[in-house]
Amino acid sequence: MKTAVITFPASNCNRDAAVALEKVTGVKPEMVWHRESELPSGIKFVVLPGGFSYGDYLRCGAMASRSPIVKDLVEKANKGLAIAGFCNGFQVLTEAGLLPGALMRNRGLKFVCRPEKLNITNSNSRYTSKYGDVTEVTYPVAHHDGNYYADDDTLNKLEKQGQVIFRYANNPNGSARDIAGICNEAGNVFGMMPHPERAIDPLHGGTDGLGLFKSIIESI
Amino acid sequence: MNIKTKITPEIVAEHGLSAEEYDIILDRLGREPNINELGIFSVMWSEHCSYKSSRRHLGKFLTKGDRVIQGPGENAGVIDIDDGDAIIFKMESHNHPSFIEPYQGAATGVGGIMRDVFTMGARPIALMNALRFGEPTHWKTKQLVNGVVAGIGGYGNCVGVPTVGGETNFHKGYNGNILVNAMCVGLADADNVFYSAAKGVGNPIFYVGSKTGRDGIHGATMASAEFDDDSEEKRPTVQVGDPFTEKLLIEACLELMATDAIIAIQDMGAAGLTSSSIEMADKGGVGISLNLDKVPQREENMTPYEMMLSESQERMLMVIQPGKEKLAYEIFEKWELDVAKIGKTTDTGRLVLRHNRKKVCDIPIAPLADDAPNLDRPYEIPASLPVIDASDVHETQDYDDALVRIMSSPDIASKRWIWEQYDRHVMADTVDSSQSGGDAAIVRIHGKNKAVAISTDCTPRYVQADPYMGGKQCVAETWRNLTCVGADPIAITDCLNFGNPERPEIMGQFVGAIEGMNEACRAFDYPVVSGNVSLYNETNGVAIPPTPAVGGVGLIPDLDYFTTLTGAKDGDTLVLIGDTQGWLGSSIYLREILRREEGAPPPVDLEAEKRNGDYVRKLIRNKRVNAVHDCSDGGLAVAACEMAFAGNIGLQLSRAIGCPTHAWLFGEDQARYLVAVEENSVNPVISTAKAKGVSAQIVGKVGGDRLMADGAFDVSLAGLREKHERFLPELMS
């Protein structure tokens, strides 16, 4: 299956995402530069990687969300293309309006990097279906601005519609209602602050993240 | 000041040049220098750039070895790790700027050391740091810790290079001068390493990266003098970092390096455009002519003097293959970086600068390097402090309390508050990091089943008590730490932090430490391939404890065979490799429990180190051990607690050694490893050790949820961990 990783200036988990996609699909993903105006043809799944696009200047993800490629992604997302954003990628997705809410500075005001336990709160989603009976996974977090915020109406709606996919077991950043990962109403666009792509290898962070990639790839 | 400024003795003195040095300049030029030329000589001959006090001593180091591709003298050292892979690494200080402006000082320290590494064609794959702060109760300490840690994290996290380990000490000796030493390790193709020697005549010189501003002017000169009460006024000499630009610069340079467009490349570090252009020209034996009007500038009306001495960050200088200019422009413009052709190589052997169509500098390059002062400063190597016998050291009556105090003391307590602010996992190859509390960080070579192990070490209290023995110990400890994870130690980088070299006793510490270090390097065949010297770490005449920080790098050739301190299992037997006399001089016990800082440090027996280390590495390769940890600060008891924390399992230490209890538990004898061995491997581990002349004794058992030692302490693992974790969060809250 053809997949793609978008690279913005100062994306820094693009290689990590590519390794994860290749591990699960068996095929190297296309690395797409942010100034491209269109995805290569035949791409079925896109990852917006972590990093510090544009140095996190202005607001995290704000400038990247105005890239030519993101315009194309928004159009294709609305037609059902599967897109996931991890860490900075999640910030870009909220800035682009593909996911509701915003990511603010961590409650503790400091960058936080540690393995974090997550509860899978919707195991029927396209991003979690392969986890089966597993309800708890550990992914690393590494961010300064991961404090998820949305107004109460939005949060209620997310919960009611099963769009909250992961919650933190021990909230590291002050996110509203312990939310760690959400999807859009249609379920094709997903974002989370933790890094599943850093949990695909027993020598590095464990293998809990593989289920997420397998889930979305198999759903396509 | 402008080109018409008359050079007076006062101006010469303000530039840190002695009358003799100025006479050499007059002689080599055959005339008076103008202000630009004087500025250039002053930074090139500063302590920071010329190593004038240290050069003759650094020359003693072992710098060659089978795996050394490039030793000291380039931007960083290069070693061969087989399969066509090379590791490029260096450690550097950013002490003075970090004290004045902790966030930017530390951040630009990280940025600068990364540039040294990717300048040579390597992708940075790991960062380490060695930090020394003043005593926790000092009014400045909290603010400095906060700023330095945020600065290191802010830069490294953004660039996307994992910060995988380091060390942090607190001592009143650093109240007036903190130490921020940053190390970067990069990975390159062994046959595609880039050097700084310019070549050819008429080849274009490109400037790439951030624009030049007025920041950091005379930073190198600042780093070559001691502090006084007005040091705050030096804030404008501290540079400002932009990790975003650095990240773009890495990607753009590596992209261009994959072509054959670059003849030579040099980052603009200390003394900026001056030292980069002069080093390139000097190494290549060519001249350089620059048109300063072409230099991308951030501020208006910058003078040649300011442009040449600015230490604005994230800038590179390169000599490009003629005909490849267009390719270079395309790549740098893709990455939205400033790029300009600012000059060319010449055959004159001179540095010629033009500004506003006028020649503003025309000096021969050779004397800047060749005639740089090379001082033979007087030195007196201090004698070692007297040996303290364990029987002369008061024995605590409450071992539970002593253990808790030691495990929660500033140097031993958990540094989680620090390393949780560093991204340790980006690039997805971190096999082990600060997270485990292990001896060395382990970073996999991308796409391969091998890894580099990295460790930074220095025990300043030993060097203070006996510079020669302390110097040996710093090198031995990195070697031991690399061994603990199963790596073959290969080479080191160093960061030699000392006080004012004009004082013979300080110069004596420096010379003594180098001699000890060098002896250890030779015993282990463990050469120095890069490093830096930071002198004048003094405030109002009070010097820091001598701190020669060492960064060691080793190779784990097969990741199926490595060990950390995390793997101890219920029922494992604890075996201590190495001999215990119970050495309490200059120990943590003496300092933390009795408030005494005295006594000769533990002797380092290099033959025993080698023998014991080689044996431990063999045990790891034969899968005989589940966990390994070296005994260093705080001795056996601290090593055992750390192993228990990492494995989250209790243990009991049994009395096997004939010295007094406090010396048995807290003695800091060197060349020792605590290993956890499965029941059926115990006999072969002990008997093979005996056959090899290695001391090995059963000292305990793994299991339960308590930490116990015969006739001494008995505490809960969870309770001790809680206290171990408390120090930094409480200090920083």
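Start with helix H1 of chain A in this predicted model. H1(A) lies across three strands of chain A, namely S1 (3–7), S2 and S3, and its direction is at about 175° to that of S1(A). The strands under H1(A) belong to an open sheet of nine, so let's walk through that sheet next. Its order is S2-S1-S3-S4-S11-S10-S9-S6-S7 (chain A), and the pairing is mixed. At the edges stand S2 (30–33) and S7 of chain A; each has a single partner strand, so one side of each is left without a neighbour in the sheet. From one strand to the next, the twist averages 25°.

What does "mixed" look like in practice? Strands of a sheet pair through backbone hydrogen bonds, and they can do so either parallel or antiparallel. For a parallel case, look at S3 (residues 45–48) and S4 (residues 82–86) of chain A, which are joined by four bridges. Val47(A) is the residue to click on here, as it stands opposite Ala84(A) in S4(A). For the antiparallel case, move along to strand S9 (residues 164–168) of chain A. S9(A) pairs with S6(A) over three bridges in the antiparallel sense, and Ile120(A) has Phe166(A) in S9(A) as its bridge partner. S9(A) also pairs with S10 (residues 179–183) of chain A, again antiparallel and over three bridges; there, Val164(A) stands opposite Ile182(A). S9(A) is mostly covered, with four of its five residues buried.

Now for where chain A meets chain B. The contact draws 23 residues from chain A and 24 residues from chain B. On the chain A side, H1 (14–25), S6 (112–120) and S7 (136–143) each supply at least two of the residues that touch chain B. So what sort of residues does chain A bring to this contact? They divide into 13 nonpolar, five polar and five charged. You have already met H1(A) as the helix lying across S1, S2 and S3 of chain A, and S7(A) as one of the strands at the edges of the nine-stranded sheet.

Over to chain B, then. Chain B holds 25 helices and 28 strands, and its C-alpha atoms fill a box of roughly 85 × 50 × 45 Å along the principal axes. How does its radius of gyration fit a compact globule? For 733 residues such a globule would come out near 27 Å, and chain B, at 26 Å, agrees with that. Buried residues account for 62% of the 733 residues in chain B. If you take the contacts in chain B between residues at least 6 apart in sequence, 85% of them join residues at least 24 apart.

For a close look at one element, pick helix H13 (residues 325–334) of chain B. Ala328(B), Ile331(B) and Phe332(B) are its buried residues to look at. They cover an arc of only 95° around the axis, which puts them on the same side of H13(B). The general rule behind such a pattern is that an α-helix has 3.6 residues a turn, so residues three or four places apart point the same way. Turn to the other side of H13(B) and you find Lys326(B), Glu330(B) and Glu333(B), which are exposed. What covers the buried residues of H13(B)? The cover includes S7 (204–209), H10 (243–257), S10 (315–320) and S11 (338–346) of chain B. Just after H13(B), Glu336(B) takes a positive phi of about 55°.

Two of those covering strands, S7(B) and S11(B), are themselves joined by six bridges and run antiparallel. Ile205(B) has Gly343(B) in S11(B) as its bridge partner. S11(B) also runs antiparallel to S9 (residues 287–291) of chain B, with four bridges joining them; here Ile288(B) stands opposite Thr345(B).

Further along chain B comes another open sheet, this time with six strands in the order S14-S15-S16-S21-S17-S18 (chain B) and mixed pairing. S14 (430–432) and S18 (528–534) of chain B are at the edges, each with a single partner strand, so one side of each is left without a neighbour in the sheet. Neighbouring strands here are turned by 20° against each other on average, direction ignored. Within this sheet, S15 (residues 441–444) and S16 (residues 451–457) of chain B run antiparallel and are joined by four bridges, with Ala453(B) in S16(B) as the bridge partner of Ile442(B). This sheet has a helix across it: H18 (residues 467–484) of chain B lies across S16, S17 (488–497) and S21 (547–556), running at about 25° to S21(B).

Definitions and conventions: Residues numbered from 1 in each chain as written. Chains lettered and ligands numbered in written order. Predicted model: local features only at pLDDT ≥ 70, side-chain atom pairs only at ≥ 80, totals over all residues. Contact = placed C-beta atoms within 7 Å. Nonpolar A, V, L, I, M, F, W, Y, C, P; charged D, E, K, R; others polar. Rg over C-alpha atoms; globule rule 2.2 N^0.38 Å. Buried ≥ 20, exposed ≤ 12 C-beta atoms within 10 Å, placed from the backbone. Pairing = 2+ DSSP bridges. Arc of directions from axis to C-beta. Axes fitted to C-alpha atoms, helices over the stretch in contact; angles between N-to-C directions.
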